[in-house]
Amino acid sequence: MVTRRARSRAALVEEIEDAARAELAEVGAAALSLRSVARRVGLAPSALYRYFDGRDGLLTALIVQAFECLAAAVEGADDPGAPPGERWLAMGRAMRTWAVAHPQDWALVFGSPVPGYAAPATTVPAG
């Protein structure tokens, strides 16, 4: 059973991640600032450290979520009963559709590297 406190924490983490995605869309990953994200959700920048290990921790969470979301979109388009060529096209179209709908996430995982960020091993299984 999930406690009220755990639900509140999960909701705040989701709000922080949404604010970070909005910030990514405006300024890009290289300029992502915890101060700006905190301002968007009405928290002190130091409060974000209760939920993420700094900017790199937040970036890592966003990268893992982007990979998982993309994988779900591509897997959802796959029809194992279809001929291989049709499957390939359907999955490729699903990937493109997702990329167009989530440009900041696409740029985060497939764009230019973020200066000063080294992705931890936790991003590998999601990728």
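A salt bridge is a side-chain nitrogen of Lys or Arg within 4 Å of a carboxyl oxygen of Asp or Glu. The legends below refer to a predicted model.

**Figure 1. The salt bridge between Glu23 and Arg40.** In this predicted model, the side chains of Glu23 and Arg40 come together with an N to O distance of 3.0 Å, which falls within the 4 Å limit. Glu23 belongs to helix α1 and Arg40 to helix α2, so the pair ties together parts that are 17 residues apart in sequence. Glu23 counts as buried because its relative accessibility is 7%, under the 20% limit. Arg40, at 36% relative accessibility, counts as partly exposed. By the same rule, the count of salt bridges comes to six.

**Figure 2. The salt bridge between Arg21 and Asp105.** The side chains of Arg21 and Asp105 meet at 3.8 Å, N to O. This pair links distant parts of the chain, with Arg21 in helix α1 and Asp105 in helix α5, 84 residues apart. Both Arg21 and Asp105 are buried. A further salt bridge joins Asp56 and Arg55, whose closest N and O atoms are 3.8 Å apart. With a relative accessible area of 32%, Asp56 is partly exposed. Through salt bridges that share partners, Asp18, Arg21 and Asp105 are joined into one network.

**Figure 3. Helix α1 and its packing partners.** Helix α1 covers residues 4-27. Its 24 residues, at 1.5 Å a residue, should span 34 Å, and the end C-alpha atoms are indeed 34 Å apart, so the two values agree. The expected span is 1.5 Å times one less than the number of residues. The buried residues of α1 are Leu12, Val13, Ile16, Glu17, Ala19, Ala20, Arg21, Glu23 and Leu24. These buried residues pack against α2 (34-41), α3 (54-77) and α5 (103-110). An α-helix has 3.6 residues a turn, so residues three or four places apart point the same way. After α1 comes Gly28, which has a positive phi, near 85°.

**Figure 4. The largest nonpolar core.** This core has 30 residues. The residues with the most contacts inside the core are Ile16, Leu32, Val37, Leu58, Leu59 and Leu108. Helices α1, α2, α3 and α5 each supply at least two of the core residues. The most is given by α3, with ten residues.

**Figure 5. The surroundings of Leu32.** Leaving aside neighbours within four places in sequence, Leu32 is in contact with Ala20, Glu23, Leu24, Val27, Val37, Arg55, Leu58 and Leu59. Among these partners, Ala20, Glu23 and Leu24 are also listed with the buried residues of α1. Val37, Leu58 and Leu59 are, like Leu32, among the residues with the most contacts inside the largest nonpolar core.

**Figure 6. The segment annotated in UniProt as a DNA-binding region.** An unreviewed UniProt entry lists residues 33-52 under the name "DNA-binding region". Over residues 33-52, the chain is 40% helix and 0% strand. The end C-alpha atoms of this segment are 13 Å apart. Helix α2, at residues 34-41, is one of the elements against which the buried residues of α1 pack.

**Figure 7. The aromatic cluster of Phe67, Trp106 and Phe110.** Two aromatic pairs are counted in the model. In one pair, the rings of Phe67 and Phe110 have centres 6.0 Å apart and planes at 90°, so the arrangement is edge-to-face. The pair links distant parts of the chain, as Phe67 lies in helix α3 and Phe110 in helix α5, 43 residues apart. Phe67 counts as buried at 15% relative accessibility, whereas Phe110 counts as partly exposed at 43%. In the pair formed by Trp106 and Phe110, the ring centres are 4.4 Å apart and the planes lie at 45°, so this pair is tilted. Trp106 and Phe110 are four residues apart in helix α5, which means that about one helical turn separates them. Trp106 is partly exposed, its relative accessible area being 29%.

**Figure 8. The position of Ser112.** Ser112 is located in the loop between α5 and α6 (123-126). With a relative accessibility of 61%, Ser112 counts as exposed. The C-alpha atoms of Ser112 and Val74 are separated by 23 Å, and these residues are 38 residues apart along the chain.

Conventions:
Residues numbered from 1 in each chain as written. Predicted model: local features only at pLDDT ≥ 70, side-chain atom pairs only at ≥ 80, totals over all residues. Heavy atoms only, no water. Buried < 20%, exposed > 50% of the residue type's maximum accessible area, 1.4 Å probe, protein only. Contact = heavy atoms within 4.5 Å. Core = buried A, V, L, I, M, F, W, Y, C linked by side-chain atoms within 4.5 Å. UniProt positions renumbered as here; feature names shortened; annotations may be inferred. Phe/Tyr/Trp six-rings, centres within 6.5 Å; stacked < 30°, edge-to-face > 60°.
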